[in-house]
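Me: Please take one part of the structure below and go through it closely. Give each term its cut-offs as you go.

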Number of protein chains: 2
Amino acid sequence: MQNNQFKKGELYSFITGKASTAIARRLQKKLNQAGLNITIEQWSVLYHLWKKHGLSQQELCLATYRDKPSITRLVDNLEKLNLVKRVPSESDRRINLIYLTKQGQKMEEETMQLADQTLNEALKTVPSSKIELCKEVLQIVYDNLK
Amino acid sequence: MQNNQFKKGELYSFITGKASTAIARRLQKKLNQAGLNITIEQWSVLYHLWKKHGLSQQELCLATYRDKPSITRLVDNLEKLNLVKRVPSESDRRINLIYLTKQGQKMEEETMQLADQTLNEALKTVPSSKIELCKEVLQIVYDNLK
DNA sequence: TTTGATTAGTTGTATAAACAACTATATGCA
DNA sequence: TGCATATAGTTGTTTATACAACTAATCAAA
């Protein structure tokens, strides 16, 4: 019966996401050790800007699953670090378009390597087929709750 | 080749754990709607105290994958809410044993039902075998990074 | 027994998340 | 055109996390 597939004792780690927490912590540690003075949260914003320049804060909200105040403050901090710049949209004055500075652009290669390393360490003993299946399940979970 | 099983574009959701975030948010919403004035982080501490009374703060750190200051402050807040009580250990005066108050004990049944519901909603369309496999992978990830 | 190291917990500080309330601009429709 | 409504972003407040530095108690070994 679908309804009781989970027993209480098994709930916890699914809810807390201890695996993804561990991955994030490992990447954070690598960033620190490399002397890169950013948080993983900041990295996750940069990540989307490397893929597409000039996203609005609203688009960053959707991309990173954060609410608007969270993005406001992450962009604040990224601006303080001189990694991005707010540029008011010319067609809609409500909108800030966020652009990478040269310094922000320069971080892509090194940090993406560290992220690749992190995932390879996390998944080194897991066969690809299982990874795919796991990703599928996590996507379904996300869709079910959206 | 193991080393490149993950392409850059796929990194993000694994690192951010969007699925577990979604589960946690859903449970938080249920707690709020039920008028239960606690956070999921507080709930995650109570969860371990329901399983075993009188854990030390250090044991709570291990159980919940948090550092000591985090547990200090979670216990502070749970004490303010009158849900737990610090009791100095008689055999080792460094240690605080954390006990549930009556009010804290009373929350178990209702909140565990909400947690069960949450997971059932998250996993309703996922066959049990895949859930098992996914749990396995996440456990391996955790162990790889420990 | 004394002292040096370890363990348990606390405090300070910076960053981040969630929620509510707010401002400013844009849009849509009567 | 004008007003209600929606959208983009900011600010305030509370809670939580990570890290470093700290206090107090315990332990271990000379």
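Reply: What follows looks at the surface that faces the DNA, then sets it beside the largest pocket, two buried residues and the build of chain A.

This is a predicted model: local features need pLDDT of at least 70, side-chain atom pairs count only at pLDDT 80 or more, and totals for chains, interfaces and linings use all residues. Residues are numbered from 1 along each chain as its sequence is written, chains are lettered from A and ligands numbered from 1 in the order written, and side-chain values use heavy atoms, with hydrogens and water left out.

Start with DNA strand C. It has 25 residues around it. A residue is near a strand if one of its heavy atoms lies within 4 Å of it. Thr39(A), Asn77(A), Gln58(B), Lys68(B) and Arg73(B) come nearest. The protein meets backbone and bases alike: of the strand C atoms within 4 Å of the protein, 60% belong to sugar or phosphate, and the rest to bases.

Now the polar contacts (pairs of N or O atoms within 3.5 Å; within protein, one must be able to donate a hydrogen and the other to accept it, and residues adjacent in sequence count only if both atoms are side-chain atoms). The side chain of Asn77(A) puts an N or O atom 2.5 Å from a phosphate oxygen of strand C. Gln42(A) also reaches a phosphate oxygen, with a side-chain N or O atom at 3.2 Å. Arg94(A) goes to a base instead: a polar side-chain atom lies 3.4 Å from a base oxygen. Two or more residues of this surface come from each of α3 and α5 (68–80) of chain A, and α4 (57–64) and α5 (68–80) of chain B. Helices here are DSSP runs of H or I with at least four residues, strands are E runs of at least two, and both are numbered from the N terminus. The largest share, 5 residues, is from α5(A). By type, the surface near strand C holds 4 nonpolar, 9 polar and 12 charged residues. In this scheme Ala, Val, Leu, Ile, Met, Phe, Trp, Tyr, Cys and Pro are nonpolar, Asp, Glu, Lys and Arg are charged, and the others, Gly among them, are polar.

Turn to DNA strand D. Here 25 residues surround the strand. Gln58(A), Lys68(A), Arg73(A), Thr39(B) and Arg66(B) are the closest. Of the strand D atoms within 4 Å of the protein, 59% are sugar or phosphate, and bases supply the rest. Lys68(A) has a polar side-chain atom 2.5 Å from a base nitrogen. Arg73(A) likewise places a polar side-chain atom 2.5 Å from a base nitrogen. On the phosphate side, a polar side-chain atom of Asn77(B) lies 2.5 Å from an oxygen of strand D. At least two residues each come from α4 (57–64) and α5 of chain A, and from α3 and α5 of chain B. Helix α5(B) gives the most, with 5 residues. The split by type is 4 nonpolar, 9 polar and 12 charged.

Next, the largest pocket. Its space is about 1200 Å³. Of its 37 lining residues, Thr16(A), Ser20(A), Thr21(A), Ala24(A) and Thr16(B) are closest to the centre. A pocket is an open set of points on a 1 Å grid over the protein atoms alone, where a 1.4 Å probe fits, with protein on both sides within 12 Å along at least five of seven lines; lining residues have an atom within 4 Å of a point. Grid points are joined across faces, edges and corners, and the volume is the space filled by probe spheres set on them. Both chains line the pocket: α1 (8–16), α2 (18–33) and α3 (40–51) of chain A, and α1 (8–16), α2 (18–33), α3 (40–51) and α7 (128–145) of chain B, each supply at least two residues. Helix α2(A) gives the most, 8 residues. The lining divides into 15 nonpolar, 11 polar and 11 charged residues.

Helix α3(B) also carries His48(B). This residue counts as buried because its relative accessibility is 10%; buried means under 20%, exposed over 50%, partly exposed in between (1.4 Å probe, protein chains only). Its side chain reaches the backbone oxygen of Ala63(B) at 3.4 Å. In chain A, Thr118(A) sits in helix α6 (residues 102–123). Thr118(A) is at 0% relative accessibility, so it is buried too. Leaving out residues up to four places away in sequence, Thr118(A) touches Ile23(A), Arg26(A), Leu27(A) and Lys30(A). Contact means heavy atoms within 4.5 Å.

Last, chain A as a whole. It has 7 helices and 3 strands, in the order α-α-α-β-α-α-β-β-α-α from the N terminus. Of its 146 residues, 47% are buried.
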